[in-house]
Amino acid sequence: MTEFADLLVLGAGPAGAEAALAADHAGLRVVLLDEAPAAGGQVWRAPRTHAARTRSDADQTRGRDLRGRLDASGVQVRTGTQVWDAVPGFCLSCVSERGATRFQAPRLVLATGATERVRPFAGWTTPGVFGLAAATAMMKAEGRLAGRNIIVAGQGPLLIAVAAKACAMGVPPRAIVDLNGRGDWLSAVSGFAAAPGLLLTGLKWMARIVAARVPILHGADIVRALGDDTLDAVIVRDRASGQETRLAADTLYVGNGLTPADEIHRLLGAAQVADALRGGYRTLCDADRRSSVPGLYVAGDGAGVHGAFPSAAQGRIAGLAAAHDHGALSAADFARASRHARGQLKRLMRFADASCRLMQFPEDSLQDIRGDTVICRCEDVTVDQIRAASGDGACDLNQLKHFTRLGMGPCQGRMCALNAAGVLRRLAVDAGRDLRLTPRAPVRPVEMAQLIGTFAYSDIPVPKPAPL
Ligand SMILES: Cc1cc2nc3c(=O)[nH]c(=O)nc-3n(C[C@H](O)[C@H](O)[C@H](O)COP(=O)(O)OP(=O)(O)OC[C@H]3O[C@@H](n4cnc5c(N)ncnc54)[C@H](O)[C@@H]3O)c2cc1C
């Protein structure tokens with residue numbers, strides 16, 4: 001079954017939802033697709049439980065407003081719909097509870113958001129170790145946080161957000177282990193001041209953490225998680241002195257920033273450039289968010305990490321650009337309608353840069369990971385195995401995949417590829433080369449039964465036997 005539209009938008013977070021609304025307002029037939037049960041994306045995620053609904057905060061209000069505006073619009077919202085393949089033209093192959101479906105349109109906005117990065121350490125696959133961004137998803141959707149004796153570790157504004165929200169939920173962290181030093185935060189303040197409202201929110205989070213007397217260990221990271229079936233403790237290392245401390249914990253939330261979820265951008269051949277500040281690779285686009293592929297627009301963290309508000313502004317510009325290119329908006333109307341979003345984007349760039357700098361993945365620290373540390377969790381591939389494969393001649397991730405099965409599991413390299421590339425790059429001579437896996441469908445694990453649906457064997461046409 002194929003549904004047709006003027007514009008497809010993949011991802012119903014701030015970027016995709018704003019793109020869809022802007023294009024709908026300009027008169028395009030828009031289909032907005034997302035695998036989540038409701039629009040809102042990661043940051044404005046819809047609550048799923050009563051506990052989450054009763055916990056009202058600014059993100060929840062923004063999410064409700066966004067879903068309300070979508071409901072009141074002409075946008076065809078298809079949530080619970082997972083896109084697993086895309087071909088130029090554009091045709092998206094999906095699965096949902098309705099089975100296998102396809103959507104086709106001459107234009108596509110990709111607004112697929114980000115994936116969390118975690119610097120691997122010994123024991124990071126122990127039950128009880130969660131992603132830091134995953135903690136926000138748990139709190140927003142379920143209104144709760146797993147664990148009683150928790151440690152929050154990693155880097156960037158999410159570290160402070162999660163710790164403050166944990167305090168508000170009555171589970172103040174045992175400690176915050178911050179990879180950044182105090183000086184890094186101080187240098188970020190002038191960038192944060194570009195968005196005074198957001199800076200104030202951050203200061204309120206800090207006040208809550210201070211009031212709960214949560215110790216903050218700056219310039220430190222987690223080097224080991226201890227425990228077999230459950231987490232017992234973590235080993236924290238002071239990066240300057242090398243001194244290690246054992247902290248008891250039943251739950252660790254740890255994250256080292258975000259990387260663009262750009263599998264479909266790459267599958268469609270959009271040009272990219274390495275950009276560590278934006279999470280690894282950024283998809284190239286013009287000021288109107290047109291990518292190098294005709295008819296393909298990119299917005300939000302999926303094209304380079306910027307944060308929620310810049311993502312929303314980029315989405316609006318992308319949606320209006322699609323409407324303009326479709327012939328639904330004159331150049332003057334396009335300029336007028338996009339002026340506010342362009343101004344917002346410009347204002348928020350300093351804030352985005354400051355946040356991204358604090359979240360920038362510590363590539364150097366991949367050097368001192370222990371050899372028995374798992375890099376690919378799906379296929380259990382360790383640092384030592386990567387080093388051995390490199391010694392045997394593997395010099396990019398495609399070769400590493402053949403040698404070790406790295407990236408062949410359900411995540412298809414989403415969690416491990418950049419870390420494995422980092423380890424390889426330390427060993428490889430050709431440091432500047434793009435070592436990443438060639439993008440391939442399916443970009444999400446898909447059940448065969450979902451693709452083929454139900455059928456009777458008697459309905460299968462059997463060709464006549466070939467004459468002898
Ligand atoms: C787990 C996680 C939690 C985060 N929590 C916060 C937070 O609490 N506060 C904050 O400020 N920032 C948070 N961030 C960062 C935040 O995602 C962004 O800055 C902001 O949401 C970007 O908006 P976006 O529209 O680009 O992407 P998103 O909001 O991530 O939206 C992208 C959407 O695309 C959908 N999608 C992607 N690929 C497919 C596919 N193949 N098929 C179907 N649907 C697809 C996703 O389901 C998602 O809803 C989080 C990031 C992550 C990864």
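**Exercise 1. Describe how helix α11 packs with helix α12.**

*Solution.* Start with the general recipe: a pair of packed helices is described by the angle between their axes and the distance between the axes. Here, α11 covers residues 383–391 and α12 covers residues 397–404. (Helices are DSSP runs of H or I with at least four residues, strands are runs of E with at least two, and both are numbered from the N terminus.) The axes are 10 Å apart, at an angle of about 110°. (Axes are lines fitted to C-alpha atoms, for helices over the stretch in contact, and angles run from 0 to 180 degrees between N-to-C directions.) Therefore α11 and α12 are roughly perpendicular to each other. (Under 35 degrees counts as roughly parallel, over 145 as roughly antiparallel, 65 to 115 as roughly perpendicular, and the rest as oblique.)

Next, find the residues that touch: α11 brings Gln385, Ile386 and Ala389, while α12 brings Leu400, Phe403 and Thr404. (Contact means heavy atoms within 4.5 Å.) Sorted by class, this contact has 4 nonpolar, 2 polar and no charged residues. (Ala, Val, Leu, Ile, Met, Phe, Trp, Tyr, Cys and Pro count as nonpolar; Asp, Glu, Lys and Arg as charged; the others, Gly among them, as polar.)

A word on the model: it is predicted, local features need pLDDT of at least 70, side-chain atom pairs count only at pLDDT 80 or more, and totals for chains, interfaces and linings use all residues. Residues are numbered from 1 along each chain as its sequence is written, and side-chain values use heavy atoms, leaving out hydrogens and water.

**Exercise 2. Explore the surroundings of the ligand.**

*Solution.* First, look at the 29 residues around the ligand: Ala15, Asp34, Gln42, Thr136 and Asp301 come nearest. (Near means a heavy atom within 4 Å.) By class, the shell has 12 nonpolar, 12 polar and 5 charged residues. Its largest share, 3 residues, comes from α4.

Then trace two distances. A polar backbone atom of alanine 15 is 2.9 Å from a ligand oxygen atom, and a side-chain N or O atom of arginine 444 is 3.1 Å from a ligand nitrogen atom. (Polar contacts pair N or O atoms within 3.5 Å; within protein, one must be able to donate a hydrogen and the other to accept it, and residues adjacent in sequence count only if both atoms are side-chain atoms.)

**Exercise 3. Find where phenylalanine 90 lies and which bond joins glycine 89 to it.**

*Solution.* Phenylalanine 90 is in the loop between β5 and β6. A cis peptide bond, with omega about -5°, joins glycine 89 to phenylalanine 90.
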